[in-house]
Amino acid sequence: MTLRAQPKASHFIDGDYVEDEAGSLIESIYPATGEVIARLHAATPAIVEKAIASAKRAQPEWAAMSPTARGRILKRAADLIRERNRELSELETLDTGKPIQETIIADPTSGADSFEFFGGIAAAGLNGSYIPLGGDFAYTKRVPLGVCVGIGAWNYPQQIACWKGAPALAAGNAMVFKPSENTPLGALAIAEILHEAGLPKGLYNVIQGDRETGPLLVNHPDVAKVSLTGSVPTGRKVAAAAAGSLKHVTMELGGKSPLIVFDDADIDSAVGGAMLGNFYSTGQVCSNGTRVFVQRKIKAEFLKRLKARTEAIAIGDPMDEATQLGPMVSWAQRDKVLSYIAKGKAEGATLVTGGGIPNNVSGEGYYVQPTVFADVTDEMTIAREEIFGPVMCVLDFDDEAEVIARGNATEFGLSAGVFTSDLTRGHRVVDQLEAGTLWINTYNLCPVEIPFGGSKQSGFGRENSLAALEHYSELKTVYVGMGPVQAPY
Ligand code: NAD
């Protein structure tokens, strides 16, 4: 069988591809067909050591360069990513099964935005301050942390590799990145491009592996920071392991976010927002607004339009540009989603549409129909747990105070959204919702300029924006004495 997406080797270390066949086999599977498209190996402890040693060796010289010079390389990488958007998007589609219609506008391009943004602000974003002390003075410097580890989830492999790599490198760090074992391909392509753009070798290393490999990175004494994108249970393990050696941590974890639609909202816009916030990337988006609270007066109209638009979604071959919904990333994820759909039915939610496997696709692919449940109550499993698939739960509500309390009644706190034409209410409601990233009259837009991240069990730290540079650096304070030391002895 030909392997459609086989990289030159499993890992990218010190500016080149590296193989170690002693590592356990990772098969990369195209989710639309179940076909094995690449075979790679998880990193052995020797590979982990090699990656960290090379990053450690390269980092001081990189940190000593001017931020403008570092930024120039990152911006060149952004240009190369844009030039190769088509081929990178096809790779992302093979890696994840997400439709090319999406990957071509949302994946490599958002990675390029990240390198462009952090390349551009490296020089201005790392300034310190001058503190006058009446004769004496002090100043602060922002200094890199050293070797940073990035660990990715499988829903946005290229974007995550860039969102972690760009601020880390801009701030003068080196990065060792481990993609999800489900999507090993995209990060290797990003590493190749960075080096082609002139990044000195060793500064962005990619190693493959799974939950056995991650701890080797997190526990390593030469690692200063870990940034994880993953589930809450993994976040707890990684944060606990990082605490053992007091490493810096950023946690981008899961969610069960509320999306609240008041009866004065533009209904078509709210339906569009709810669909984007539940079906984009086949529902595999951490910030999705999976609890859609609809004010009772507009419930019938909202559901009518939602059902019609959901049933018109084009499901099929992800490489066909007309396809709007692809398969789940893996067989296991498909089974998990189907089991939640079964629970929704068993616990008494009303199935509005979907609820099964589409009949127009290959039986080997990991497809699930876009599914809408109505009459969902707060206690139902589908309203409490993260499903991470194309399953929207619609809940009814009557008044503002009630919906805020119910929206907040979750351990998660990643995102939230409000649709209303009352400007005052929009701001008043988001002010009271417990989440890290919130939207009014739109949903799930995450441009690089704005901070992104969660509160409560959804994590801490922020990606994107100037805030990310702060999370990849620390302050050094220097006190300067201008006169003789006044010692009492
Ligand atoms: P996961 O938690 O299973 O795995 C995430 C990564 O952690 C993988 O690379 C995995 O190999 C690694 N890992 C697992 N155990 C580890 C350990 N003990 N030590 C170190 N690394 C370990 O998550 P997933 O299934 O890949 O992704 C889906 C989850 O990610 C969902 O919960 C989703 O909400 C979340 N997510 C969050 C964001 C965000 O920005 N907040 C974005 C995308 C996905």
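**Exercise 1. Find the neighbours of strand β11 in this predicted model.**

Task: In which sense do β10 and β11 pair, and over how many bridges?

Solution.
- Step 1: Pick out β10 at residues 225-229 and β11 at residues 248-252; the two run parallel and share five bridges.
- Step 2: Pin down one of those pairings: K225 has H248 as its bridge partner in β11.
- Step 3: Trace the route between the strands. After β10 the chain passes through helix α9, residues 232-243, before it gets to β11, and this β-α-β crossover is right-handed.
- Step 4: Now look for another partner of β11. Strand β21, residues 459-460, pairs with β11 in the antiparallel sense over two bridges. Here M251 sits opposite F460 of β21.

So much for the strands; on to the whole chain.

**Exercise 2. Size up the chain.**

Task: What radius of gyration does the chain have, and what would a compact globule of 489 residues have?

Solution.
- Step 1: Take stock of the elements: the chain holds 16 helices and 22 strands.
- Step 2: Compare the radii. A compact globule with 489 residues would come out near 23 Å, and the chain has 24 Å, so the two agree.
- Step 3: Add the outline. Along the principal axes, the C-alpha atoms fill a box of roughly 80 × 65 × 40 Å.
- Step 4: Check the contacts. Counting those between residues at least 6 apart in sequence, 73% link residues at least 24 apart.
- Step 5: Turn to the surface, which amounts to about 18,900 Å² accessible, with 54% of that from carbon and sulfur atoms. Buried residues account for 58% of the 489.

**Exercise 3. Explore the inside.**

Task: Which residues touch the most other members of the largest nonpolar core?

Solution.
- Step 1: Start from the general trend: in soluble globular proteins, nonpolar side chains tend to be buried together.
- Step 2: Go to the largest core, with its 115 residues; F115, Y204, V261 and F302 touch the most other members.
- Step 3: Zoom in on Y204. Leaving out residues up to four places away in sequence, its contacts include F12, A161, M175, F177, I190 and H195.
- Step 4: Look elsewhere for a separate core. There is one of 28 residues, including I341, A349, V429 and A435.

**Exercise 4. Place one serine.**

Task: Is S114 buried or exposed?

Solution.
- Step 1: Locate S114 in helix α5, residues 108-125.
- Step 2: Read its relative accessible area, 0%. The cut-off for buried is under 20%, so S114 counts as buried.
- Step 3: List what S114 touches beyond four places in sequence: G119, C162, W163, A166, P167 and V448.

How values were computed:
Residues numbered from 1 in each chain as written. Predicted model: local features only at pLDDT ≥ 70, side-chain atom pairs only at ≥ 80, totals over all residues. Heavy atoms only, no water. Pairing = 2+ DSSP bridges. Helix = DSSP H or I, 4+ residues; strand = E, 2+ residues; numbered from the N terminus. Right-handed = clockwise from strand over helix to strand, strands pointing away. Rg over C-alpha atoms; globule rule 2.2 N^0.38 Å. Buried < 20%, exposed > 50% of the residue type's maximum accessible area, 1.4 Å probe, protein only. Contact = heavy atoms within 4.5 Å. Areas by Shrake-Rupley, 256 points an atom, 1.4 Å probe, with all protein chains shown as cover. Core = buried A, V, L, I, M, F, W, Y, C linked by side-chain atoms within 4.5 Å.
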